[in-house]
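Thanks for passing this one along. My notes follow as numbered points, to be read with the model open beside them.

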Amino acid sequence: MQRANSSRKRSRRSAAESAIFYLKEVFENNLFVDEKLSNSAASQIKAISKRHSIPLDSITNDLICRGCLNILTPGSNSRIRIVNRMLRVTCIKCGKIRRKPLFRT
Ligand SMILES: [Zn+2]
């Protein structure tokens, strides 16, 4: 019983991982082409990674707003400023601010 359960869990996780891989391709290919499609892919990626606790790579993670789950395109719907040696990315749609250290000394 235990074994069947863990193998089911493994296949569920690998299915989720392949779904994320596919959605990432959709997301990256339509980044500057179809905003609606890439926004939809972004929110799906976030939902799947949260549900199955699969960590995202930092590039994909930085491109998705944590507030409204849309893509952050610098110059169109996000503002990037450097304040106190921190990178500050503001989502213009929902106002969510994300800070990231620029230098680690
Ligand atoms: Zn947002």
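1. Let me start with how the chain is wired: among contacts between residues at least 6 apart in sequence, 35% join residues at least 24 apart. Please keep in mind throughout that this is a predicted model.

2. On overall architecture, the protein has three helices and three strands. Their order along the sequence is α-α-α-β-β-β. The radius of gyration is 16 Å, well over the 13 Å that the globule rule gives for 105 residues, so the protein is more spread out than a compact globule.

3. Two further numbers describe the whole chain. The C-alpha trace spans about 55 × 40 × 20 Å along its principal axes. Buried residues account for 15% of the 105 residues.

4. Helix α2 is worth a careful look. This helix covers residues 35-51, 17 residues in total, and its first and last C-alpha atoms lie 24 Å apart, close to the 24 Å expected at 1.5 Å a residue.

5. Which residues of α2 are buried? They are Ser 38, Asn 39, Ala 41, Ala 42, Ile 45 and Ser 49. These residues sit on the same side of α2, because they cover an arc of only 165° around the axis. The general background is familiar: an α-helix has 3.6 residues a turn, so residues three or four places apart point the same way.

6. The other side of α2 carries the exposed residues Lys 36, Ala 47, Lys 50 and Arg 51. Just beyond the helix, Ser 53 follows α2 and has a positive phi, near 45°.

7. Now to the strands. β1 (residues 78-83) and β2 (residues 86-91) run antiparallel and are joined by six bridges. If you would like a pair to check on screen, Arg 81 has Arg 88 in β2 as its bridge partner.

8. How many residues lie between β1 and β2 in their hairpin? There are two, and Asn 84 in the turn has a positive phi of about 50°.

9. β2 also pairs with β3 (residues 97-101): five bridges join these strands, which run antiparallel. Here the bridge partner of Leu 87 is Lys 100 in β3. β2 and β3 form a hairpin as well, with five residues between them. Gly 95, in that turn, has a positive phi of about 85°.

10. To pull the strand points together, β2 is joined to β1 by six bridges and to β3 by five. When you go through the turns, Asn 84 and Gly 95 are the residues I would show alongside the strands.

Note on methods:
Residues are numbered from 1 along each chain as its sequence is written. This is a predicted model: local features need pLDDT of at least 70, side-chain atom pairs count only at pLDDT 80 or more; totals for chains, interfaces and linings use all residues. Helices (H or I, at least four residues) and strands (E, at least two) are DSSP runs, numbered from the N terminus. The radius of gyration is taken over C-alpha atoms; the globule rule is 2.2 Å times the number of residues to the power 0.38. A residue is buried if 20 or more other C-beta atoms lie within 10 Å of its own, exposed if 12 or fewer, and partly exposed in between; C-beta atoms are placed from the backbone. Two residues are in contact if their C-beta atoms, placed from the backbone, lie within 7 Å. The expected span of a helix is 1.5 Å times one less than its number of residues. The arc is that of the directions from the helix axis to the C-beta atoms. Two strands pair if DSSP finds at least two bridges between them.
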